[in-house]
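Biologist: I am new to this structure and would love a close look at one part of it. Could you walk me through the disulfides?

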Amino acid sequence: MGIKWRHWALPVVPLAMALLAATGCESTPDARPKPTAAPSTSVARVCAKPAAGPAKAPAGAVTVDPAVVGDLAAKTKSSPPNTTFWLRPGKHRLDPDRYAQVIPKEGNRYIGAPGAVLDGGKKNQYAFGGSARNVTIRYLTVQRFVAPHDEGVVNHDSADGWVIEHATIQYNSAAGLMAGARQQVRASCLRDNGQYGMNAYKAGDSIRGLVVEGNEIVGNNTGDWERRREGCGCTGGIKFWAVNGADVRGNWVHDNRGTGLWADTNNNDFRIENNVIEANDGAALIYETSYNAVVRNNKIRKNNWVEGRREAARGDNFPFATVYLSESGGEPRIKARTDKVEVYRNVLENNWSGITLWENADRFCNSPANTSSGDCTLLVRDSDRCAQPAIAKPPLYADCRWKTQRVDIHDNRFVLDKSVVKCTAKCDRMAVLSNYGTYPDWSPYKGERVADAITRKQDNRWHDNVYLGSWKFVAHDPSRVLGFRQWQGKTYQQDTGSTLGPRTGG
């Protein structure tokens, strides 16, 4: 789990001013966009304007009294499955024990009146847990719970079939929300949680059919976990783990400390569309060691200013990207709605760099360099098979790697005004590359084999895009920085039908 952007030694320049001069950065390494105002386009604005629940109890509902501590948990326990609970206006509390929580029964529905809040008081770890299926939570604010690292507050045990609508889940430790199979999260505010807005992880990798639609996902990772545990790969507005089938559409993902949307390790069949993703400290989207996705019709703006600038200031020449595809691509042998990773009809404006396709030559099943420890590709379930001598020959030579292949990037608009980003260099990259394979000593992928493959042999294509501004292109390895004509030329043959022009106002 987690991500390693590159694996090569880099020289250290001791003077911060020298670093800033070398990269052309015109502000401090942690400079970030101002908090994002609501965009002019139609997008989820649910945190500032949450929908109100019913002012009267629905017919047949059990009424929950905020003046009685523990009333919600007690009435849930004493009521049968498929009961509707209506929470009166006010602050509802659980018993003060750290493990006190609501354990729903199958089919239960929890509906908040206007102003209904379930507050953990910084004492309770979990709000809703247990294995009951098909639970619904609507019009309820859940806040100030203190779940442990990597755990979650709502649907703590990743039960299946839950529906969370018009909810506000905020100011919690760890993840505000976990996910199970067929979960639907709609029109909700996931705000200012300590680690993730939602952690879509379930033991056994059984999440299928996840829908995330019309939500506002903002300000998450208040605990700044990537700095506290360097390289942990344990943050994001939303993090997805081994999810098979997800529709992520119409969300406003902004101002998160770190990555906006991050799919990590054996995800498959994603559609990420019609979102506005902006002003996140890190990448807008990371799709890592995963398969078969469509990324379309998104507006992606002012992302990666903090993390991209910080790495450039350190002297790193890796093309840190706003859309980062790491060991991920299309695989026809794995069932999905597409057999490619297709990125099209998106607008990327004033981000720190553009799209990077990356494949770490040293990262494969059974390699010590595989940060997804214990996981293998979806084509080889048993990592132990990926060993010499079998790994050096077909089919394992191909199947033991997560490959960045069959990526089709077309009909996008890339706009860069360096005066807005406050940068003159290293914020203008589009890239397809790998490192020089060196590790472990029994690896069959040493040298430039992977770099040659990702660049020329794995059907990765840019075409019919529009570029406005000063763009550069990186191919094969970080040292090969190309102009547009070289990028289009016979050696790399990228961006056929594309145009490059000056920045003219977007």
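Modeller: Happy to; here is a tour of the disulfides, one pair at a time. Please keep in mind that this is a predicted model. A disulfide is a covalent bond between the sulfur atoms of two cysteines. Searching the whole structure turns up four disulfides, and if you number the bonded cysteines in sequence order, they pair as 1-2, 3-4, 5-6, 7-8.

Let's start with cysteine 232 and cysteine 234, whose disulfide has an S to S distance of 2.0 Å. The torsion about their S-S bond is about -70°, so this disulfide is left-handed. Cysteine 232 is partly exposed, at 21% relative accessibility, whereas cysteine 234 is buried at 4%.

Next comes the disulfide between cysteine 365 and cysteine 376, with S to S 2.1 Å. Here the torsion is about 110°, so the disulfide is right-handed. Both cysteines lie in the loop between β29 and α5 (396-399), so the bond ties together parts that are 11 residues apart in sequence. Cysteine 365 and cysteine 376 are both buried.

Then look at cysteine 386 and cysteine 400, with sulfur atoms 2.0 Å apart. Their torsion of about -90° makes this disulfide left-handed. Cysteine 386 sits in the loop between β29 and α5, while cysteine 400 sits in the loop between α5 and β30 (407-410), 14 residues away in sequence. Cysteine 386 is buried, with a relative accessible area of 0%, and cysteine 400 is buried at 0% too.

Definitions and conventions:
Residues are numbered from 1 along each chain as its sequence is written. This is a predicted model: local features need pLDDT of at least 70, side-chain atom pairs count only at pLDDT 80 or more; totals for chains, interfaces and linings use all residues. Side-chain values use heavy atoms; hydrogens and water are left out. A disulfide is a pair of cysteine sulfur atoms within 2.5 Å. Buried means under 20% relative accessible area, exposed over 50%, partly exposed in between (1.4 Å probe, protein chains only). Helices (H or I, at least four residues) and strands (E, at least two) are DSSP runs, numbered from the N terminus.
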